[in-house]
Amino acid sequence: RSEPYDRLQITLVDCPGHASLIRTIIGGAQIIDMMVLVVDVSKGIQTQTAECLVIGEILNDTLIVALNKLDLLPEQGRAE
């Protein structure tokens, strides 16, 4: 959107299960302007992570992927 907002609403949604993820995102798709997906690096890309990425790419112009728990990776496995 090019014009400024009069008001900004932020909603945080935690959808650990496949069914609730799909229902929640599709149900609120018309009001989602941006999506932030937080990925637990100790668990890696799981099925619901991939589903959320696909849905986010289809429904949103802006998708940010944030990596969480980087400190749990072994030092030799971390990129410099």
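This dialogue walks through a predicted model, one feature at a time.

Trainee: Where do I start? How many helices and strands does the chain have?

Mentor: Start with the elements. The chain has two helices and two strands. Read from the N terminus, their order is α-β-α-β.

Trainee: What share of the contacts joins residues at least 24 apart?

Mentor: Take the contacts between residues at least 6 apart in sequence; 72% of them join residues at least 24 apart.

Trainee: And burial? What percentage of the residues is buried?

Mentor: Of the 80 residues in the chain, 19% are buried. Now turn to the surface. The accessible surface of the chain is about 6,600 Å². Carbon and sulfur atoms account for 54% of that area.

Trainee: Which residues form a nonpolar patch on the surface?

Mentor: Look for Ile22, Ile26, Val54, Ile58 and Leu59. Together they show about 430 Å² of accessible area. Two elements each give two or more residues to this patch: helix H1, residues 18-27, and helix H2, residues 47-59.

Trainee: Which element gives the largest share of the patch?

Mentor: H2 does, with three residues. Val54 is a good one to click on. This residue lies in helix H2.

Trainee: Why can Val54 count toward a surface patch?

Mentor: Patch residues need over 30% relative accessible area. Val54 is partly exposed at 45%, so it clears that cut-off.

Trainee: Now charges. What is the general idea behind a salt bridge?

Mentor: Side chains of opposite charge can pair when their charged atoms come close. In this structure there is one salt bridge. The side chains of Lys69 and Asp40 meet there, at 3.2 Å from N to O. The pair links distant parts of the chain, 29 residues apart. Asp40 sits in strand E1, residues 34-40, and Lys69 in the segment after E2.

Trainee: Is each partner buried or partly exposed?

Mentor: One of each. Asp40 has a relative accessible area of 16%, so it counts as buried, the limit being under 20%. Lys69 has 36%, and is therefore partly exposed.

Trainee: What else should I check at Lys69? What is its phi?

Mentor: Phi of Lys69 is near 65 degrees. That is a positive value in a residue other than glycine. Find Lys69 in the segment that follows strand E2, residues 62-68.

Trainee: Let me recap Lys69. It has a positive phi, and its side chain meets that of Asp40 in a salt bridge.

Mentor: Right. Add that Lys69 is partly exposed, and you have the residue in view.

How values were computed:
Residues are numbered from 1 along each chain as its sequence is written. This is a predicted model: local features need pLDDT of at least 70, side-chain atom pairs count only at pLDDT 80 or more; totals for chains, interfaces and linings use all residues. Side-chain values use heavy atoms; hydrogens and water are left out. Patches are made of residues with over 30% relative accessible area and no salt bridge: like charges are joined within 9 Å, nonpolar side chains (Val, Leu, Ile, Met, Phe, Trp, Tyr) within 5 Å. Accessible areas come from the Shrake-Rupley method with a 1.4 Å probe; for residues, only the protein chains shown count as cover. A salt bridge is a side-chain nitrogen of Lys or Arg within 4 Å of a carboxyl oxygen of Asp or Glu. Helices (H or I, at least four residues) and strands (E, at least two) are DSSP runs, numbered from the N terminus. Buried means under 20% relative accessible area, exposed over 50%, partly exposed in between (1.4 Å probe, protein chains only). Contact means heavy atoms within 4.5 Å.
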